[in-house]
Amino acid sequence: MSQAIKESIVSENNLSHHSTKFSQIGKLKSLSECSFNFWQKSLRRSIPITSAAIALSVSVILPSQASTISYSGDTTNAPTFNRPLTEGFEGGTNPPTSLSSNGTAVPYYSQPFLVDTTGSYDVLGSQAFLGIQFLYQNSFNPTTPLVNLLSGNDPFPDEGTSGFSGLSLTANNQYFLVTTGFDNSNNSFGTFTNTITGPGNITLLPEPSSLASTVIFGIFGSSLILKRKLKKLKSVN
């Protein structure tokens, strides 16, 4: 075989090799572009989903900034006191500085509570009678109804409802919401519901007298059980 023919065969083989290599490079480039386009489209599609997921997680994590709590009671046959004088029908001051001559023996219901955030709170009471509300701080003693008294209110805005708007309450201070009647008549006691609303959490507490009664009753009950067990042990022996 002549040298010219050998060189021609080598040249053709090199050309074929380069063509194959260029073809492989082209395929790899095409695959890379397809892969890039695929991930680019996937990323574009995932952005709205991710944004929505972030928004959803934020809306779930963020707590509500307002709190509302309601409770019900009944002043029928409840203890009585000489309530403070109110500023509406009776022409007193707020906070009251003297006692009423109309409600000298009105049944009352005292509810202690706390708030965990300082701010402005509203109280709305709905009564099946001619009701009045009083707010005390730190303690409430029916025998000294003017001590620790912060505010008092006549039926508000109409008869059968009473409460307060924009009470300035301090976090972790104990308050007493006292629901009572206007005078000594049969239209000054009955069932009611109070609702307290404000920027923080509101916690209802047991009345101190009720708590003491519960503790005493528990101690008395435990002592009876212990006596019975000792009696049984003596009879067995």
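Read from one end of the sequence to the other, the protein follows the pattern α-β-β-β-β-β-β-β-β-β-β-α. That gives two helices and ten strands, where helices (H or I, at least four residues) and strands (E, at least two) are DSSP runs numbered from the N terminus. The model is a predicted one, so local features need pLDDT of at least 70 and side-chain atom pairs count only at pLDDT 80 or more, while totals for chains, interfaces and linings use all residues. Residues are numbered from 1 along each chain as its sequence is written, and side-chain values use heavy atoms, with hydrogens and water left out.

Of the 237 residues of the protein, 27% count as buried; here buried means under 20% relative accessible area, exposed means over 50%, and partly exposed is in between (1.4 Å probe, protein chains only). Contact means heavy atoms within 4.5 Å. Among contacts between residues at least 6 apart in sequence, 80% join residues at least 24 apart.

Now for the strands. Strands of a sheet pair through backbone hydrogen bonds, either parallel or antiparallel. Two strands are taken as paired if DSSP finds at least two bridges between them. One open sheet has four strands in the order 1-9-4-7, with antiparallel pairing. Its edge strands, each pairing on one side only, are strand 1 (67-74) and strand 7 (161-169). On average, neighbouring strands of this sheet are turned by 15 degrees against each other, direction ignored; the axes behind such angles are lines fitted to C-alpha atoms, for helices over the stretch in contact, and angles run from 0 to 180 degrees between N-to-C directions. Within the sheet, strand 4 (residues 119-127) and strand 9 (residues 191-198) run antiparallel and are joined by six bridges. One residue to look for here is S126, whose bridge partner in strand 9 is T193.

Strand 3 (residues 106-115) is mostly covered, with eight of its ten residues buried. Two bridges link strand 3 to strand 2 (residues 80-81), in an antiparallel arrangement, and F81 stands opposite V106 of strand 3. Strand 3 also runs antiparallel to strand 8 (residues 175-181), with six bridges between them; Y108 has T180 of strand 8 as its bridge partner. With strand 10 (residues 202-204), strand 3 pairs in the antiparallel sense over three bridges, and F113 is matched with L204.

Strand 10 is also the place of I202. I202 counts as buried, at 8% relative accessibility. Not counting residues up to four places away in sequence, I202 touches S67, I69, F113, L114, V115, Y121, I196 and T197. The C-alpha atoms of I202 and S70 are separated by 9.8 Å, although these residues are 132 apart along the chain.

Next come the side chains packed inside. In soluble globular proteins, nonpolar side chains tend to be buried together. A nonpolar core is a set of buried Ala, Val, Leu, Ile, Met, Phe, Trp, Tyr and Cys residues joined through side-chain atoms within 4.5 Å. The largest one has 15 residues, and those with the most contacts inside it are F113, L135, L169 and L177. Strands 3, 4, 7, 8 and 9 are the elements that give two or more residues to this core, and strand 7 supplies the largest share, three residues. A second, separate core of twelve residues includes V106, Y108, L130 and V178. As for L169, leaving aside its neighbours within four places in sequence, its contacts are F113, V115, T117, T118, G119, Y121, L135 and Y175.

The structure also holds eight aromatic pairs. Rings of Phe, Tyr and Trp (its six-membered ring) pair if their centres lie within 6.5 Å; planes under 30 degrees apart count as stacked, over 60 as edge-to-face and the rest as tilted. Y71 and Y109 form a stacked pair, 6.3 Å centre to centre with 25 degrees between the planes. Because Y71 lies in strand 1 and Y109 in strand 3, this pair ties together parts that are 38 residues apart in sequence. Y71 is buried at 7% relative accessible area, whereas Y109 is partly exposed at 26%. F81, Y108, Y136 and F140 form one aromatic cluster.

Charged side chains come last. A salt bridge is a side-chain nitrogen of Lys or Arg within 4 Å of a carboxyl oxygen of Asp or Glu, and by this rule the count comes to one. The side chains of E90 and R83 meet in a salt bridge at 3.0 Å, N to O. E90 is buried, with a relative accessible area of 17%, and R83 is buried too, at 0%.
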